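Have your viewer ready and a pencil at hand. Let us work through some exercises together, one step at a time.

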Amino acid sequence: MLNTKEPNQTRIAELVRELLIELGEDPNREGLLKTPERVAKSLTFLTKGYRETPQEVLNNAVFESTANNMVIVRDIEIYSMCEHHILPFYGRCHVGYIANGKVIGLSKVARIVECFARRLQIQERLTEEIAHAIQEITGAEGVGVVIDASHLCMMMRGVEKQNSKTITSSVLGSFRTDPSVRAEFMNLVR
């Protein structure tokens, strides 16, 4: 899904200007004069995950390790955009894995999460993509990912449920096959 081409911000700004007109706004009024350019810059940043891979953000921070214990990075803030309505969803991501000869830099776990979150997403796929990337990179014995998020597409429109949360999990390897490993992970990320 990697796209090395930078988005054409001039074209995006033109489209935003057209959208404002279609919505009944005057893009020439003072408050909206620079909005098309700001939205173009914002959307380019919010979708930067299309132009990077987990391997790039990892930057070779994979280390040999004799440790065979559970590594957890929890409460990683996520901000993503719902692919159905292009509205934000945000929350926390918890990632755990059982090292199997390799560990990755702790900050790199957050960078991998960010790589996938900065794409148009559904939470279910985001959770899976993170888990599979950690598994592939580390060769871990098991991987667990839990995301707890609020979706503005449910809060601002549609059913308008302000306090709704969506929780998704993906468990691979021993996190899937060994109930005690899965239970330990879930207890630690609560």
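The exercises below look at a helix, a sheet and a single serine in this predicted model.

**Exercise 1. Check the length of helix H1, and find out which way its buried residues point.**

Step 1. Helix H1 covers residues 9-22, which is 14 residues. At 1.5 Å a residue, H1 should span 20 Å.

Step 2. Now compare this with the model: the C-alpha atoms at the two ends of H1 are 20 Å apart, which agrees.

Step 3. List the buried residues of H1: they are Ala-13, Val-16 and Leu-20. Looking down the axis of H1, you find these buried residues within an arc of 60°, so they line one face of the helix.

Step 4. Ask what they pack against: the partner is helix H2 (35-46).

Step 5. Finish with the two ends. At the start of H1, a side-chain oxygen of Asn-8 comes within 3.1 Å of the backbone nitrogen of Thr-10. After H1 comes Gly-24, with a positive phi near 95°.

**Exercise 2. Work out the order of the strands in the open sheet, and how they pair.**

Step 1. Five strands make up the sheet, in the order E5-E2-E3-E6-E7, with mixed pairing. Its edge strands are E5 (120-121) and E7 (166-173), each of which pairs on one side only.

Step 2. Start from the E5 edge. E5 and E2 run parallel and are joined by two bridges; here Met-81 has Leu-120 in E5 as its bridge partner.

Step 3. Move on to E2 and E3, an antiparallel pair with 10 bridges. Val-73 is matched with Val-95 in E3. The hairpin of these two strands has five residues between them, and Ile-86 takes a positive phi near 50° there.

Step 4. End at the other edge: E6 (residues 142-151) and E7 are antiparallel over eight bridges, and Gly-144 stands opposite Val-171 in E7.

Step 5. Add the helix that lies across the sheet strands. Helix H8 (residues 179-189) lies across E2, E3, E6 and E7, at about 65° to E2.

**Exercise 3. Is Ser-164 buried or exposed, and what does Ser-164 touch?**

Step 1. Locate Ser-164 in the loop between helix H6 (152-155) and E7.

Step 2. Apply the cut-off: buried means under 20% relative accessible area. Ser-164 has 18% relative accessibility, so Ser-164 counts as buried.

Step 3. Look for a polar partner: the side chain of Ser-164 reaches the backbone oxygen of Lys-161 at 3.1 Å.

Step 4. Leave aside neighbours within four places in sequence, and Ser-164 is in contact with Ala-149, Ser-150 and Met-154.

How values were computed:
Residues numbered from 1 in each chain as written. Predicted model: local features only at pLDDT ≥ 70, side-chain atom pairs only at ≥ 80, totals over all residues. Heavy atoms only, no water. Helix = DSSP H or I, 4+ residues; strand = E, 2+ residues; numbered from the N terminus. Expected span 1.5 Å × (residues − 1). Buried < 20%, exposed > 50% of the residue type's maximum accessible area, 1.4 Å probe, protein only. Arc of directions from axis to C-beta. Contact = heavy atoms within 4.5 Å. Polar contact = N/O pair within 3.5 Å; in protein donor to acceptor, adjacent residues only side chain to side chain. Pairing = 2+ DSSP bridges. Axes fitted to C-alpha atoms, helices over the stretch in contact; angles between N-to-C directions.
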